[in-house]
Amino acid sequence: MSTLCIHGLGYIGLPTAAMFANYDHDVVGYDTSEEVVTRLSDGEVHFDEPGLRAFVTQAIESEQLTISNEVVEAKYHIICVPTPFDRETKEAGLEYVESAGQAIEPHLRPGDTVILESTVPPGTTADVLRPILEESGLDAGEDFALAHCPETVLPGDIITELKQNARIIGGVNGVSTEAAVRLYESFVEAEIHTTANATTAEFVKLIQNTFRDANIAIANEIAKLAHDYEIDSREAISLANEHPRVNIHHPGPGVGGHCLPVDPWFLGQNSEELDLIKHAREVNDGMSGYIIDILKEELGGLEDTKIAIFGVAYKGNVGDTRESPGLKLARELQAVSPQQEIAMPDGGVEVDTSSSPSITLHDPHVNDQTLQLLSREEAVDGADAIVIATDHDEFEEIDPLFISRFMNNNLVIDSKAILDEDRWNTEGFRVSRI
Ligand SMILES: NC(=O)C1=CN([C@@H]2O[C@H](COP(=O)(O)OP(=O)(O)OC[C@H]3O[C@@H](n4cnc5c(N)ncnc54)[C@H](O)[C@@H]3O)[C@@H](O)[C@H]2O)C=CC1
Ligand SMILES: CC(=O)N[C@@H]1[C@@H](OP(=O)(O)OP(=O)(O)OC[C@H]2O[C@@H](n3ccc(=O)[nH]c3=O)[C@H](O)[C@@H]2O)O[C@H](C(=O)O)[C@@H](O)[C@@H]1O
């Protein structure tokens, strides 16, 4: 069994480190964050993912996985660091990939293999990471192997998908590809596909998420069309999907997470050819505006209203709020009424926010002190409308009769179509589905 150093112990690196360790490799998990290292060393898993705590504990207790704040020499280095998205430039930040490369370079030995798992724009492994590693005086493909092996696991089901998803591996040459394949074969149960080069593997990963994003954009546009024809978009989509070659996804409040809304931009980072893909992004980003229009129409305007948003996680049953549609909706609602500047007698200026809708947030899965999340009852107290923005299981169980006692008005926008509409109607609610 091989020695491995995993760089970055987040949603991807930590389960990957534990997986290799539980398959008898000697793994050192390295993270630059002192907090992450300390918490993991104390046996605490710092984010919410089903089954992960026990899986990591098993790996640490068997002494196959060690948590460290230092990079070590290893036969395999696997890079799972963030690739953040710059909303202004719409580009990938590669600074963490670069610093991981710089940290590996002094420890690199002939015969070692470096694998980049982070999601990156096409060309990153060959044009950004390779030159940094070659500062060591060793040649990629000759003295050490270098490959990209993108990660495709679904948050909420990471441990199962790590083993069961097909892998795409592309090295800077055939020897590099083979070295990476040999490693992943130790636990991957699905097929391992190889590509001509690392850039193809990077491209494949990005078009998978781009396809899903564009498909959801079609679903969102269908939902808006169906609304105009006064028909149920979900029923129509489900019936359309009875065709053997049609698979339309589900409409909703927009597309969240740090992958689907971001990867289409990574795909176009070094090309001028994004067109339909860019438009699909705009359709998905426009869903918060569409919900605001429904709220305005149903409430006769938003002045002095109170809107409760249920769900600020980016999707159901996770606690991650990156690119959250619920939070985007809250921000846009707060900006709906232009705040009036009032000239004061002393010559100063005050901002009158009295006409802006007031927003409350509720999410049983999110634990973020900065968001001022409220309990279910506090959030709906005096509210004119509830917007269900995430399909958490808990929301399906909400008792409309109980909720109605607190509310000032009776509107519910169910953007995920998870409520029992008849039951809510019976208790006097007007339910509008996306
Ligand atoms: N979370 C997901 O669902 C998926 C993520 N990805 C991709 O995987 C990559 C990692 O994503 P996440 O695990 O979600 O990120 P994350 O933010 O959860 O974790 C990244 C970790 O890397 C650490 N780190 C930063 N720079 C480092 C360095 N130079 N050396 C060692 N550690 C360093 C951070 O402290 C953090 O703990 C990203 O490119 C992401 O797009 C791919 C598929 C799924
Ligand atoms: C092609 C694909 O399924 N990619 C997955 C995706 O994970 P992620 O959790 O971001 O995906 P998701 O479950 O589609 O959710 C993204 C967003 O899309 C929304 N969503 C999803 C499906 C749908 O029919 N309608 C819809 O509106 C969700 O509510 C959420 O806001 O991106 C991950 C990644 O690349 O990080 C990748 O590993 C996962 O396999």
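**Notes on a predicted two-domain model with two ligands**

1. Let's start with one residue: glutamate 230 is exposed, because just 6 other C-beta atoms lie within 10 Å, and a residue counts as exposed at 12 or fewer. Please keep in mind throughout that this is a predicted model. You can find glutamate 230 in the loop that joins α8 to α9 (233–240). What is the phi of glutamate 230, which is not a glycine? The angle is positive, at about 55°.

2. A second residue with a positive phi is worth a visit. Alanine 417 is not a glycine, yet its phi is about 50°. Look for alanine 417 in the loop between β16 and α17 (421–426). Is alanine 417 buried, exposed or partly exposed? It has 18 C-beta neighbours inside 10 Å, so it counts as partly exposed, the class between 12 or fewer and 20 or more.

3. For contrast, try alanine 21, which sits in helix α1 (residues 13–22). This alanine is buried, because 26 other C-beta atoms lie within 10 Å and the cut-off for buried is 20 or more. Which residues does alanine 21 touch, if we leave out those up to four places away in sequence? They are Val27, Ala59, Ser62, Gln64 and Leu65. Threonine 66 is also worth finding: it is 45 residues from alanine 21 along the sequence, while the C-alpha to C-alpha distance between them is 9.2 Å.

4. Now zoom out to the whole chain. The protein chain is divided into domain 1 (3–204) and domain 2 (286–433). How far apart are the C-alpha centres of domain 1 and domain 2? The distance is 39 Å.

5. Next come some strands from the early part of the chain. Strand β4 (residues 76–79) has parallel partners in strand β1 (residues 3–7), through four bridges, and in strand β7 (residues 113–116), again through four bridges. To see these pairings residue by residue, find isoleucine 6 opposite isoleucine 78 of β4, then isoleucine 79 opposite leucine 116 of β7. The side chains of β4 take two directions: Tyr76 and Ile78 point one way, His77 and Ile79 point the other way, and all of these are buried.

6. A helpful reminder before the next sheet: strands of a sheet pair through backbone hydrogen bonds, and the pairing can be parallel or antiparallel.

7. In what order do the five strands of the open sheet lie? The order is β14-β11-β15-β16-β17, with parallel pairing. β14 (358–362) and β17 (430–433) are at the edges with a single partner strand each, so one side of each has no neighbour in the sheet. On average, neighbouring strands here are turned by 20° against each other, direction ignored.

8. Strand β16 (residues 411–414) is a good one to follow in detail. It pairs in parallel with strand β15 (residues 385–388) over four bridges, and isoleucine 386 stands opposite valine 412 of β16. Four bridges also join β16 to β17, which run parallel, and leucine 411 has arginine 430 of β17 as its bridge partner. Leu411 and Ile413 point one way from β16, while Val412 and Asp414 point the other way, and all are buried.

9. A helix crosses this sheet too. Helix α12 (residues 287–299) lies across β11 (306–310), β15, β16 and β17, and it runs at about 160° to β16.

10. Now for ligand 1. There are 27 residues around it, and those that come nearest are Gly8, Gly10, Tyr11, Ile12 and Ser118. Which helix gives the largest share of the shell around ligand 1? Helix α4 (residues 95–104) does, with four residues. By class, this shell has 14 nonpolar, eleven polar and two charged residues.

11. Finally, ligand 2. It has 21 residues around it, of which His249, Gly252, Gly256, Gly257 and Cys259 come nearest. Helix α8 (residues 198–228) gives the most to this shell, with four residues. The shell divides into nine nonpolar, nine polar and three charged residues. Both domain 1 (3–204) and domain 2 (286–433) take part, each giving at least three residues to the shell around ligand 2.

Notes:
Residues are numbered from 1 along each chain as its sequence is written. Chains are lettered from A and ligands numbered from 1 in the order in which they are written. This is a predicted model: local features need pLDDT of at least 70, side-chain atom pairs count only at pLDDT 80 or more; totals for chains, interfaces and linings use all residues. A residue is near a molecule or strand if its C-beta atom, placed from the backbone, lies within 6 Å of it. Ala, Val, Leu, Ile, Met, Phe, Trp, Tyr, Cys and Pro count as nonpolar, Asp, Glu, Lys and Arg as charged, and the others, Gly among them, as polar. Domain bounds come from an automatic or database domain assignment. Two strands pair if DSSP finds at least two bridges between them. Axes are lines fitted to C-alpha atoms, for helices over the stretch in contact, and angles run from 0 to 180 degrees between N-to-C directions. Two residues are in contact if their C-beta atoms, placed from the backbone, lie within 7 Å.
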